[in-house]
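Here's a run through one structure, asking at each step what earns a feature its label. Have the model open as you read.

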Amino acid sequence: MPNQQNKIFLSPPHMGEWELPFLQEAFESNWIAPLGEHVDSFEQEMAAYLGVRGALALSSGTAAIHLALRLLGVGQGDVVFCSSLTFVASVNPILYQGASVVLIDSEPDTWNMSPVALERALHEATLMERLPKAVIVVHLYGQSARMEEIKMLCDRYQVPIVEDAAESLGANRHGKASGTIGEFGALSFNGNKMITTSGGGMLVSDDVEALKKARYWATQARDLARHYQHSEIGYNYRLSNLLAAVGRGQLRVLDDRIRARRSVFERYEQALSGEPGIRFMPEAEGGFSSRWLTALTIDEERSGFSVLRLLEELDNERIEARPVWKPMHLQPLFAGCVYYPHQPEESVSDRLFANGVCLPSGSSLTEEEQQRVISCIQRLLQRRGEG
Ligand SMILES: *Cc1c(COP(=O)(O)O)cnc(C)c1O
């Protein structure tokens, strides 16, 4: 019987030494909420880490994307492009603003937005005189999209970029941090991300004036007046001082966490990359991936087992794994949206969804735990050999 105690999680929180002391400090000063010194420091420290001029700590990554779209003037009647292979949180803020969604496929080398599909979409949008108000580029599983090509295209059509870097904190392209290449970047500190505050997010940008505006919207758009006065719609989107204290502690160990996750990936790759039908998510040239999650595809014809079968087998062993994101163009919520596949006859994200799986990848995963995952996969491969 599998032991109930030894469950292996996909990507559990991993605290360091500094979170509690920072929290203690917040308690002792009774600066529990809402804002405070830790919020300011967390913003400054993150901006310095990423090499960007400003940061705004928020209650979630979704809030960061929402504010970025509003800063770019996205509203009713506008169009916004977004990567199709992603978590729904990348796309929902487009709907919050009442705009229309156009979905762009992935490309094989990064699994992220296909510049080829993006170019077709931008070209057709020009012909229809419906250029997007923004392009949301998602960086999946710790890897940055091909930002050089995407930025060149967006510059040519003068369309601003919002980077959804919720999964890619610590990644870069040619040394430039993920989330700092477009006009705005959104980070997430949700429980399963590279670092966590239990829940939280950040909007980062070189445009400090824009961040000032977003700060105002995020605190109920309170005007400069003694009484409570409001002239615009606002939100309650700020991060609490307690959670920022946790975030500061987590930021101190971020580089360790990246190293640990990359080691997890390397061990999986060493053990399994020679096996038939198994292909790991590539690390594209010019990029450095944080390997937030180890993702791979399984060719059932060659491996002898399907993703579903693997998920079942792992579940029986109390190992948490997940299929790759179900693309947004396959979701009932976005059924009516226009979709641009990588090639007219080839949708990369459909294939990745059909064959892709994410293995336990936490920075606290031990080698023994990881061996349990690897052995489980090896057993499935062996059964194939036995016919
Ligand atoms: C986690 C995640 C988000 C949302 O972040 P929250 O902090 O949970 O709101 C957005 N996009 C992607 C790709 C994510 O994985």
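**What's behind the labels**

Thr196 is found in the loop between S8 and S9. Keep in mind that this is a predicted model.

Q: Why is Thr196 called buried?
A: Its relative accessible area is 3%. The cut-off for buried is under 20%, so Thr196 counts as buried.

Q: What makes the approach of the Thr196 side chain to Phe189 a polar contact?
A: A polar atom of that side chain lies 2.9 Å from the backbone oxygen of Phe189. The limit is 3.5 Å, so the distance fits. The backbone nitrogen of Gly191 also lies 3.4 Å from a polar atom of the Thr196 side chain, again within 3.5 Å.

Q: Which residues is Thr196 in contact with, leaving aside its neighbours within four places in sequence?
A: Among them are Pro13, Met15, Val246 and Gln250. To be on that list, a residue needs heavy atoms within 4.5 Å.

Q: How do you know that S9 is largely enclosed by the rest of the structure?
A: Five of the five residues of S9 are buried. Both faces are covered: Gly201, Leu203 and Ser205 are buried on one side, with Met202 and Val204 buried on the other.

Q: What makes S9 a partner of S1 and of S8?
A: Pairing takes at least two bridges. S1 and S9 have five, in the antiparallel sense, with Gly54 partnered by Ser205 in S9. Four bridges join S8 to S9, also antiparallel, and here Gly185 has Val204 as its bridge partner.

Q: Why are S1 and S14 called edge strands?
A: The open sheet has eight strands in the order S1-S9-S8-S5-S4-S2-S3-S14, with mixed pairing. S1 (54-58) and S14 (338-340) each have a single partner strand, so one side of each is left without a neighbour in the sheet. Direction ignored, neighbouring strands here are turned by 20° against each other on average.

Q: How do you know that S2 and S3 pair?
A: Five bridges join S2 (residues 79-83) to S3 (residues 100-104), and the requirement is at least two, so they pair. These strands run parallel, and Cys82 stands opposite Leu103 in S3.

Q: What makes Tyr235 and Tyr237 a stacked pair?
A: Their centres are 4.8 Å apart, with 15° between the planes. Rings pair within 6.5 Å, and planes under 30 degrees apart count as stacked, so both values fit. Tyr235 and Tyr237 are both buried.

Q: Why is the pair of Phe265 and Phe280 called edge-to-face?
A: The ring centres are 5.5 Å apart and the planes stand at 80°. Edge-to-face means over 60 degrees, so the name fits. Phe265 is in helix H9 (residues 254-272) and Phe280 in strand S10 (residues 278-280), so the pair links parts of the chain 15 residues apart. Both Phe265 and Phe280 are buried.

Q: How do you know that the charged end of Arg252 sits over the ring of Trp18?
A: That charged end is 4.1 Å from the ring centre. The distance limit is 6 Å, and there is an angle limit of 35 degrees from the ring normal as well. Arg70 lies over the face of Trp217 too, at 4.0 Å from the ring centre.

Conventions: Residues are numbered from 1 along each chain as its sequence is written. This is a predicted model: local features need pLDDT of at least 70, side-chain atom pairs count only at pLDDT 80 or more; totals for chains, interfaces and linings use all residues. Side-chain values use heavy atoms; hydrogens and water are left out. Helices (H or I, at least four residues) and strands (E, at least two) are DSSP runs, numbered from the N terminus. Axes are lines fitted to C-alpha atoms, for helices over the stretch in contact, and angles run from 0 to 180 degrees between N-to-C directions. Buried means under 20% relative accessible area, exposed over 50%, partly exposed in between (1.4 Å probe, protein chains only). A polar contact is a pair of N or O atoms within 3.5 Å; within protein, one must be able to donate a hydrogen and the other to accept it, and residues adjacent in sequence count only if both atoms are side-chain atoms. Rings of Phe, Tyr and Trp (its six-membered ring) pair if their centres lie within 6.5 Å; planes under 30 degrees apart count as stacked, over 60 as edge-to-face and the rest as tilted.
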